[in-house]
Every structure is written in structure tokens, then in C-alpha cells.
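Welcome, and please take a moment to look over the structure below. A short tour by topic follows it.

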Number of protein chains: 2
Amino acid sequence: MNDFIFQNTTRVYFGKNQLSHLPEELSRWGSRVLLVYGGGSIKKTGLYTRVMAVLKPAGIQVWELPGVEPNPRHTTVNRGAALCREENIQALLAVGGGSCIDCAKAIAAAACCGGDVWDLVEGKAPVSQALAVIAMPTLASTGSEMDKSCVISNLETAEKKGLSSELLRPRAAFLDPTNTLTVGPFQTACGGFDIMTHFLELNYFTKAQKYPMLQGVIESVLHTVAQDLPVVLAQPDNYAARADLLWAASWALNSFCGSGQRQAASCHSLEHELSARYDLTHGLGLAILFPRWMEYLLARDKTVAGDFARFGTAVLDCPPAADPEAGAKAAIEALKKFLYEALGLKSSLSACGIDGSCFEEMARAACHGGVIDGYRPLTVQDAEAIYRMCL
Amino acid sequence: MNDFIFQNTTRVYFGKNQLSHLPEELSRWGSRVLLVYGGGSIKKTGLYTRVMAVLKPAGIQVWELPGVEPNPRHTTVNRGAALCREENIQALLAVGGGSCIDCAKAIAAAACCGGDVWDLVEGKAPVSQALAVIAMPTLASTGSEMDKSCVISNLETAEKKGLSSELLRPRAAFLDPTNTLTVGPFQTACGGFDIMTHFLELNYFTKAQKYPMLQGVIESVLHTVAQDLPVVLAQPDNYAARADLLWAASWALNSFCGSGQRQAASCHSLEHELSARYDLTHGLGLAILFPRWMEYLLARDKTVAGDFARFGTAVLDCPPAADPEAGAKAAIEALKKFLYEALGLKSSLSACGIDGSCFEEMARAACHGGVIDGYRPLTVQDAEAIYRMCL
């Protein structure tokens, strides 16, 4: 096993009766707060009102940055950072999906650094300081609430890039499963598979030596997510299942299940090109890509068969197979059935109106001029072949 | 599910090549360090020399408190605290078993508070400040390295009591499996079952509603520990299995697998009376008590059968049983076989030279004049009956 260093300092308030702790938590960082949120669903669900109702009596002054985009733009970040500097904001409260939390993290850094956030993203200036971020996710998906990274889009350069610093890790996360009960079936399914791929790409299908204890732990969480997703599609207000999904989302990126390996997330790299070009929902792109990526690897490299077969039996309840290759094939079929039947997601890019005209260019972009150094290395040719399998 | 608040700030350096980070980590807290250790095994294994070899060139001044007892005494703590005040110590480095780490935590608090540590233990004075503690466990067992509590013994009053504060949580833990390779079979087995009971008593057999995702995670870790213990007894220098055990020990008390329930640890409460009176090794006392506690509960309360049966199949590989009660009985038999055959631990108190003369008194002491409010409440009569079953 590889050596690893682990630390995750985020304080988690989990459950349905934690909102009363919000003023006390925010007060650790200051009384001038910027509320960052998206398209307004938090107003429809009443969450906005509930949050304001605890902040106002506690003497916390709130400024607002509404309208954060699903892929937060660097211009929005710069607008938020300017507001923070003008109004002497001390902390950011992000209420929404991963995009809101990512946007708040980038603002937290940009507010302290003065210039354009894109300089930070490109490494032209270091993240040397950041305002405190408090995260309140309303969707079980990205895990940004306990993670130190964020992803920001630049429409001018058509780029989508990450920014990462220990300073950006939320100081606290309020994980209330009731805030996710109104998430519709499509976003629930996409978010759920996003959770699964974080585990699968970063810590489960790993090129490094595996850590048996953590493999078992990851399988338990993945199995729970796979069991719970159809449950919440049928019963959107099933609190216990929503709670599993919300905590699983955080676990996928909070490094509890990491063990030192650093590898590229192959399907995430391929998917970013899809969502950047075609505005495809990230989890849907992953759901189309992932089984094809497995098929592609299995066809050329039988050493993946054992891992894939184990995934099938441990996570998707496949019966034990005669040999690893048969088990791997059964796992891929079970995953397709899970994604395209149980979760009802579209099974091909053509079904999403995407043709193959840009695949070559996308493959080059996904590989950044080299290979995607994930579970198995992917060249530009590999990437393009996998895109074609998704048509 | 209960709501819960989670935070664990300890920075973990895991693996065999982390010692070089020690000076940098200690330097965060100061350059005047008290090294706390036990009976000198760290000198025999060479760990003492290796630690000193990285500290000296980094300009870190080291004072020493050797000879910490297996159950650290409040007088030792007071001695260490006085030394810290005299020498202006800024941080404590505990190298050894859970006792050393516990002793260092208590010193860290007592050094800042001035008086007798027993006043802190008894709540007569608050823990308002503490020096930094860095933990380097040499045994996979107590999990003290990521936990905020410590247990201190007072020989004058014949008491063994806990002290708990977020300030006592180690700032960093160096978990190097190679430091545990020389632990003998008896301590390995006792430490391993201590790990298992932490999970079982605090987070697995719970009176509160269970959290399915975490139940599965705990089962994975328990299964790994149960698989690995016989492996390391046969191959003491099996790095991978030692690594599992060491990280599992931390997981058992780092709250990753907690979900808000707070309950007494029944067998730990019963066991403390044994180790306090008869100087029995903690893990051995637990190994004798635990299966009897299960038998006692099952005989009077069939509602435990389902949980016990699930434990048997998920952790000890028992085949599925016809009904929960049969499954529970099979689980208890499998646990006995595991403890008394595979791990070779003694199976009764009489085999340890302990008779029943003090059981009534011990039962009263274990219940602190009330009931032990664990998975199922235990009265003084219950406690005494369980002790008798262990003869």
C-alpha cells in the first residue's frame, strides 16, 4: 500500500435539526456574510426563508449573490469577489448544489487575492488566503462540501478548470437530508451516479496497490448508493435513503476512503468535454461513458477483469461468475441495466442529440496533449474510440 | 437516524516513510518537546533512535518522560505536567501504546491548568487550554491517536476515569505499520479485539436507530480485522495486514463511523473493573466477557437476535441461519471459536486465576449505582450474572 497523509477539518452538522447551529458556526468567522445560491429553487422550497430566519435574529448581516450557473463562470466569481471586498464580507454561505459551493470557494480565494480568479486557476498567482466557506448542499452529488477543490468555467477561453487549496475546504457543512427531498428523479439519478464514479475512479479501480480494508468500505458505500437510488426514485421523500446518499456524497470526496493514490479520473476527464461542449448534465455524461470505458478496457486488457467482476458481485449483486472475464462482462451488463433501466437514464449520446463530429477534437482536449493517467492510461485514440462507443 | 455533528481535525501521516515529516509537524507547535514513552520497548526496536535522529538535526529540543504505566497514573501525569511547566515545553510526542498517548493528553491539559490532573478528571476544573499532542502508536488497539479522550488511573482512590476535550485530540498521528511488526501474538490479539469491541459497542450494536450505510462500512472494517488477526499471528511481519489493523484501530474511535448515538460501552464498563482489580489485559478481559454478554442478552431478550445473527454472517462468515435466534447462537459460537481458538486467548476468568469473590462489588462499581445504559440496559444483577458466566 502507498503511504498517505490524511486530514479533513470540515465540521459536519448532519441531520434535520441542525440549522439552529448556523449562526453560532458563522459567528466563528464573522458577522458579514455573502449568501451564494443558484437559480432560486431555495426560494421555492422555503430553505432561503428558513436560513434568513435564523441569521437575522443572530445579528448576522447578509449580502446575496444569486444566479450562480450550473457550471459557475469565472466572471460570476469575480463579481462575487468584488462584492466581498467592497462590503468587507467575512464569510461565504453557499446554499445549493456543487456549483454554488464551488463558486463560493473560488470567491473566497479571489476576494483575498485581489485580481482575476482565472489567474489563481492558471497558477499565475497563489491562493495564499481565503475567506471562510460554509456549505449547505441541496443535492447529493459532488461532495464539494468536504473537499478542498472547485471547478470554474471560463466561457471566453472555453475552459473548465480546477482550483485546489486546503484554504478552500469548507469550515463547516450543513448536511440536511430534508433539503434534498424535492430533488427530481433525473437530478437524483445523475447526482447518485456522480457519487459512485468518484469512488470508482479515484479510490476503487486504482492503478496503485489496493488497500483491502478500504476496498471493502467503498463497496459498502457503493452498494448502499446502488440500493438507495431506485428507492428514492420511487419514494422521493424517503429520509433514510436520502440521508445515505447525502453522506455518501461527502464520503466520496472527503478522503476517508483515500489511501494516497493520486490518479486521473478517466471518465470524468472524458465527460468534462461533453458537458463543456453540449451542456450535458455531468452525471448523465458519466452514465453514458462509464460502461463503455469498462468495455473498452476489458477488450484490450484482461487484467481489469478481476476488479470489474468483484465490483459486479460486491456492488451490483451479480452472482459469482465462472471466471473473471465472464464476471466482468456480467458487471458491465448489470451496470447498464442499473443506469438505463432502474435509474431511467439515456443510454447513448445520440439519444441526447450529440453526433460524432467533434470526438477527435474532444479526445485531444481530454488528454491535454498526453494520456489520461487513470486506472489504465488512455491515449487520444483510446478516448476517441470510447466516445464512438457511446453514440 | 439521529442527527450528528462530526469533526476530526487530526492530521494522519500513514505509512512507512512518514517519519521525515515529524520535525515539520512538531515545528508547527514549538521546538521544546516532551517525549512520552513506556517501558522502553521503543529503545529495543530502534524507534527511539530513529525518532531522535530526525528531531535533533531539526533543532528540536527533547525532554523525556519514560516509564509510563500500562494504566497511566495520575501521579505520572502530574510529574509530566510539572516538567512541562518548568521547562516551558510546547508540545508532547507520545510514542507507544494507548497508555502513552493517553498520558500525554492528560499532561497536555494539566500542564496548562496548573493543579492536579485529578481535579480535571473529576470536573473540579475545566480543560480550558492544552499543549499540542502528537501521537505515534506502536500497537493497533485503543485508537487514542485520533480520539479526544484519555483514561487515567488513580491508585490512591482505586479509580480509573476518563477525561475528554476537543483540545486533547492529537494534532497529528504518525501511523507506521512497521512500528507494530514486533508486537507479540498476545498483545496483537488483545489489541485487535479491543478494536472490534469499540465498533461493536459504540456504533454497531446500538440502541439508536441504525444507519444502514455505516452498518455496512463497520462490517467491512470488522470483517477485515477478523480476517487479518489470524494472518498477523501466523506472519507477524505481514505489512498489509498490520496496516489494516492500525488504520482500523483509528477508525474505531475517530468518529468516521459514528452517527450521533451516545451510549455506554457495556463490556468496556464491565471490563474496567477486571483490569483495575486484577491487572488483566484489557483486550483479554473483553474477549472473556463479550460472548457471555451476548449469551446473557439473547437469553432474556430475543430482539437482539437479528443484530447478532447479522454480525455472525457479515463479520465471522457464518452461513445464513434458519431464523434469527439460531443465527445469533451461531454467531456467539463463531466468536468464541475465533477468540479462544484462532486467536488463542484464554476463555474464562478462572483460567486467569480470578475467582468470583468480588463480583458483587465489581458489578455495583461497573454500574455506578445505576444501570449501564448501553445497547441494552444492564443492572447490577445483570452485571454480576455476566461476571459469573465468565468463571
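Let us begin where the two chains meet: the contact takes 30 residues from chain B and 30 residues from chain A, where residues are in contact if their C-beta atoms, placed from the backbone, lie within 7 Å. Please keep in mind that this is a predicted model, in which local features need pLDDT of at least 70, side-chain atom pairs count only at pLDDT 80 or more, and totals for chains, interfaces and linings use all residues. Residues are numbered from 1 along each chain as its sequence is written, while chains are lettered from A and ligands numbered from 1 in the order in which they are written.

**Where the chains meet**

- On the side of chain B that touches chain A, the elements giving two or more residues are β1 (4–14), α8 and α9 (239–253) of chain B; helices (H or I, at least four residues) and strands (E, at least two) are DSSP runs, numbered from the N terminus.
- That side of chain B has 16 nonpolar, nine polar and five charged residues (Ala, Val, Leu, Ile, Met, Phe, Trp, Tyr, Cys and Pro count as nonpolar, Asp, Glu, Lys and Arg as charged, and the others, Gly among them, as polar).
- Chain B superposes on chain A by a rotation of 180° with 0.0 Å of shift along its axis (RMSD 0.0 Å), using a least-squares fit on the C-alpha atoms of residues with pLDDT of at least 70 in both.
- The two copies are thus related as by a two-fold rotation axis.
- The same surface serves both copies, as 100% of the contact residues of chain B recur in chain A.

**The shared sheet**

- An open sheet of 12 strands with mixed pairing runs in the order β3(A)-β2(A)-β4(A)-β5(A)-β8(A)-β1(A)-β1(B)-β8(B)-β5(B)-β4(B)-β2(B)-β3(B); two strands pair if DSSP finds at least two bridges between them.
- At the edges stand β3 (61–65) of chain A and β3 (61–65) of chain B, each with a single partner strand, so one side of each is left without a neighbour in the sheet.
- Neighbouring strands of this sheet are turned by 25° against each other on average, direction ignored.
- Seven bridges pair β1(A) with β1(B) in the antiparallel sense, and I5(B) is the bridge partner of Y13(A).
- In chain A, β1(A) runs parallel to β8(A) (residues 172–175), joined by four bridges, with A173(A) as the bridge partner of V12(A).
- In chain B, β1(B) and β8(B) (residues 172–175) pair in the parallel sense over four bridges, and F14(B) stands opposite L175(B).

**A helix pair in chain B**

- Helix α7 (residues 185–204) and helix α8 (residues 212–234) of chain B pack at an angle of about 170°, with their axes 10 Å apart; axes are lines fitted to C-alpha atoms, for helices over the stretch in contact, and angles run from 0 to 180 degrees between N-to-C directions.
- That makes α7(B) roughly antiparallel to α8(B) (the term covers angles over 145 degrees).
- Residues making this contact include G192(B) and F199(B) of α7(B), and V221(B) and L229(B) of α8(B).
- By class, the contact of α7(B) with α8(B) has 14 nonpolar, four polar and no charged residues.

**Domains of chain A**

- Chain A is assigned domain 1 (11–180) and domain 2 (185–389), with bounds from an automatic or database domain assignment.
- The centres of these two domains of chain A, taken over C-alpha atoms, are separated by 27 Å.
- Their contact takes 15 residues from domain 1 and 21 residues from domain 2 of chain A.

Methods. Parallel < 35°, antiparallel > 145°, perpendicular 65-115°, else oblique.
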